[in-house]
Amino acid sequence: MLGILDVRTFENNEAVENQPGLSDEEALRRLKINGKNQLSRKKKKSVMKIFANQFRDFMVMILLGATLISALLGEIYDAVTIIAIVVLNAILGFIQEFKTEHTLEALEKMTSPTAKVYRNGVLKTVSAEEIVEGDVFEIEAGDRIPCDAFIINSKNFTCDEAILTGESLPILKRNREKEIEFETLNLPYMAYMGTICVKGNARCQAVATGKRTQMGLVSGMLEEISEDLTPLQKKLSELGKILGIVCLMVCVVVFLAGILRGEPIFSMFMTAITVAIAAIPEGLPATVTIALALAVRRMLKRNALVHRLHSVETLGCATVICTDKTGTITENKMTVSDIFAGGNCFKISGTGYNKNGTLLLNSIKADICDYFSVKNLFECFVNCNNAFISLGDKDSRNRKYRAVYSAVGDPTESALLVAAAKSGITKESLNSKRLDEIPFDSALKFMTVTVKNPDGNVVSYTKGALDILLYKCSHFQTDSNMVLLNEKIRQKIIYVSEEYAKKGLRVLAFCKTENGVTTFLGICGMQDPLREDAKKAIKSCEKAHIKTVMITGDHKLTACAIAKEAGILKEGDLSLTGDELSKMSDSELSDCIEKVKVFARISPDHKLRIVKAFKNKGHIVAMTGDGVNDSPAIKEADIGVSMGITGTDVSKEAADVILLDDNFNTLTEAVLQGRTIYSNIRKFVRYLISCNIGEIVTMLVGMLMGLPVVLLPTQLLLVNLATDGLPAVALGLEPADKSVMEKPPRKNSDSFFAGGLMGRIVMRGMLIGLFTILSFVLGLKFSGLVSVARTSALFTLVASQLIHVFECKSEEKNLFSVPILNNIWLILSVAVSLLCLFLAVYFPPLQIVFSTVALNAKQLIFSTLCAVCVPVGACFFKKRK
């Protein structure tokens, strides 16, 4: 393979550093030779297999066998009719399952990892599948390694390789020197596909992709892993089995009753089998899958990417949402508005990444040349930074484009670069050479970069949390010189930082170490505006009896200011810092957790404790996170939520839901959709089982009353075709009810049939069956013809079920108060079902097929009245109750 052929001639590390990456053309050429960077995947279901699966039901196979026997005995017409209906039903099932498969495949592609790769010398984000041997890519903490690669340059690069080696402790890696071996495990200069960077960063060069990686050697085992049913699917599957057993018992009774009355054995056998097919709800789990997949597609349009189907069910149960502040409640569009340096408080005008802005002191423009302390601070802004900013082409005619910086990297670091650039200090103007880096770590709460300046001085610049940096420094930078950092200066710095925090500004501190002396340079205050829709979304959660809790690493005063503005923190609510939390026992935390709305200066291990504390109180917890260390809390939460923009690969893989826009309002919308889909599933389960019970009652009571067979096999299959499929799926597409976010969340332990749903289902099924029998009896009495009676019963049964589908739109409202026209798909599905019914009754060729006769006006009115009496009777019983 290409990687094996080229590995001995790979450029040395220095060459890769100077001219990283392949050209687009070369990458495409290698991709064509070696194929995509992907492992063996579970085999997709072929179109033919999906279609064939529609006939795998045991009862369907018996019916087809019996139909074949019927044809051999000369009953060709009925046999062809039954087979045609079964095939048509299979086609409808195939279309639904095929669309569902495509939806789930599309979601799988969307959640596939990406990689930051150099192409044509420019760092780009591409799908990990597009990486080829020779590609140079960047890895940071939280990233999953996309392929096997040599480590070209790294800083504290530490990988979790447990997935490959079983080693429980992360491994500290080193740079490759002249080694060429890459086809074995445990090489210290290699990064392996599928492993996770837990600390540090690295620049790597791909040497093996896809099945040629170490992960690829064992990927064949992944094909055998099967997906479990969701909890709801399991419950309904069990219910389906119970109802199936009841149906089979009824079928036996129908068969024996018919035989005892002298009906032909084969005819009764066909009838019993047809009743079983029409009435056994074997498709409930599959219908739930379709409904969940449709819901997932709907949620995706609202920027919520559901990673696991079962999370759609759980979303509607959420009672607590633990959310980050930056980028979720706020816009994550940072602007440095205030700085403190040399003992003075400065303002910086301008917002966002606009290059127009001025350094101000007491509202008067300040020249940076007059303030050496500010110049030092801005140098730290720029040197201790991994982001990049640039303006448009100088020759660009679009002045607006040239007036705004485009940024690549962390928004906080980008804002620091923009602030310094407003005073003319940029990476290009400083021209410092980076020597070393200690990447930001959530435990350390700072980042350090060591550079060599053009004058030859080696300086280490650090930025991070004020409470960490302030006590590491021995000196303070003024405009004239360095002075000892005494307690008076410290208290002034703390005072200024608290004033910034009270205004909702995010505070960062900066220092430098030169010749063994660590000097405090100053602090900055950064604006991060509240999202416009955040306040409304939080109010919506409050109405829905969902508690919103802010968890942030920012200063307590900053967090509280933003929380008050957003409507999270109100009078009487508490706020806790990470230090205060650490001093609490689990029981003490449990005692106060219900009153706490803001957690500030929180580390990832604190998040885990918070989640457990809420869960111990019986809450269903949704937890947001974006870092590698947030994964334990995300996994522990009932609903793990990752950020789509700022989230690491590890946090995304641990999450149930990914917010593609990092927006709190999107999470609120996801909860709304979660409640709606659960409600919709209850609706169509109510509809399907009621209809099935109605069909069973019709056939059983008719036999016990000594009536002729009420419905023939072809007519039962028509009922199944006309009423079971399309209307049920259409109910799964019901829009959200306005009141759904004004009710308390359901409990996760609640029965699916809570609220008396099963009682309503059984009662409605009984009424449908009894009024269908009444229609049959009236038809037989007034016409004296069994064919008219059966046609009347068929019409009443189908019509009553199609009326009932509109009742199922709501559990609180009746047929006369539900919004009938708000679901176009339901209207269309009912229209199609009615068309099938009328064609079967009035179209001569189909009259022969389904053994029906055209009903006259009087007979049609009686049949329709019997159908209408079903909801009227239900209202009567409901009032009596």
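# A guided tour of a predicted model

Start by selecting Glu129. In this predicted model, Glu129 sits in the loop between strand E2 (122-127) and strand E3 (136-140). Is Glu129 buried or exposed? With a relative accessibility of 17%, Glu129 counts as buried, because the cut-off for buried is under 20% relative accessible area. Now add Thr209 to the selection. Glu129 and Thr209 are 80 residues apart along the chain, and their C-alpha atoms are separated by 8.8 Å.

**The whole chain**

Zoom out to show everything. The protein chain has 33 helices and 28 strands. Of its 881 residues, 53% are buried. Take the contacts between residues at least 6 apart in sequence: 71% of these join residues at least 24 apart.

**Asn303**

Select Asn303 next. Asn303 belongs to the loop between helix H11 (284-300) and strand E8 (304-306). Its relative accessible area is 32%, so Asn303 is partly exposed. Look at the backbone here: the phi of Asn303 is near 70°, which is a positive value in a residue other than glycine. For background, most residues other than glycine have a negative phi.

**Helix H13**

Move on to residues 372-383, which form helix H13. This helix has 12 residues and reaches 16 Å from its first C-alpha to its last, close to the 16 Å expected at 1.5 Å a residue. How many of the 12 residues of H13 are buried? The count is 10, so H13 is largely enclosed by the rest of the structure. Colour the buried residues to see them; among them are Val374, Leu377, Phe378, Phe381 and Val382. The buried set also includes Ser373, Asn376, Glu379, Cys380 and Asn383.

**Ser414**

Go to helix H15 (residues 411-421) and pick out Ser414. Ser414 counts as buried, because its relative accessibility is 0%. Which residues is Ser414 in contact with, leaving aside its neighbours within four places in sequence? They are Tyr353, Ala387, Ile389, Ala407, Val408 and Gly409.

**Helices H18 and H20**

The next stop is a pair of helices. Two packed helices are described by the angle between their axes and the distance between the axes. Select H18 (residues 487-502) and H20 (residues 556-566): their axes come within 7 Å and cross at roughly 15°. That angle makes H18 roughly parallel to H20, because angles under 35 degrees count as roughly parallel. The crossing of H18 past H20 is right-handed. On the H18 side, the contact is made by Glu498, Ala501 and Lys502; on the H20 side, by Leu557, Thr558 and Ala561. By class, this contact of H18 with H20 has three nonpolar, one polar and two charged residues.

**Asp579 and Arg601**

Select Asp579 in helix H21 (residues 578-582). With a relative accessibility of 54%, Asp579 counts as exposed. Then add Arg601, which is 22 residues from Asp579 along the chain; the C-alpha atoms of the two are separated by 7.8 Å. Arg601 lies in the loop between strand E25 (596-600) and helix H23 (604-616). Is Arg601 buried or exposed? Arg601 is buried, with a relative accessible area of 16%. The phi of Arg601 is near 55°, a positive value in a residue other than glycine.

**Helices H26 and H30**

Now select H26 (residues 664-704) together with H30 (residues 786-807). The axes of H26 and H30 come within 10 Å and cross at roughly 155°, which means that H26 is roughly antiparallel to H30. H26 passes H30 in a right-handed crossing. From H26, the residues in contact are Arg686, Tyr687, Ser690, Cys691, Glu695 and Thr698. From H30, they are Leu797, Gln801, Leu802, His804, Val805 and Glu807. Sorted by class, the contact of H26 with H30 has five nonpolar, four polar and three charged residues.

**Helices H30 and H31**

Keep H30 in view and add helix H31 (residues 824-842). At what angle do the axes of H30 and H31 cross? The angle is roughly 175°, and the axes come within 11 Å. H30 and H31 are therefore roughly antiparallel to each other. H30 contributes Thr791, Leu794, Phe795, Val798, Leu802, Val805 and Phe806 to the contact. H31 contributes Leu826, Ile827, Val830, Ser833, Leu834, Leu837, Phe838 and Val841. By class, the contact of H30 with H31 divides into 13 nonpolar, two polar and no charged residues.

Terms used
Residues are numbered from 1 along each chain as its sequence is written. This is a predicted model: local features need pLDDT of at least 70, side-chain atom pairs count only at pLDDT 80 or more; totals for chains, interfaces and linings use all residues. Side-chain values use heavy atoms; hydrogens and water are left out. Axes are lines fitted to C-alpha atoms, for helices over the stretch in contact, and angles run from 0 to 180 degrees between N-to-C directions. Helices (H or I, at least four residues) and strands (E, at least two) are DSSP runs, numbered from the N terminus. Angles under 35 degrees count as roughly parallel, over 145 as roughly antiparallel, 65 to 115 as roughly perpendicular and the rest as oblique. A crossing is left-handed if the near helix is turned anticlockwise from the far one by less than a right angle, and right-handed if clockwise. Contact means heavy atoms within 4.5 Å. Ala, Val, Leu, Ile, Met, Phe, Trp, Tyr, Cys and Pro count as nonpolar, Asp, Glu, Lys and Arg as charged, and the others, Gly among them, as polar. Buried means under 20% relative accessible area, exposed over 50%, partly exposed in between (1.4 Å probe, protein chains only). The expected span of a helix is 1.5 Å times one less than its number of residues.
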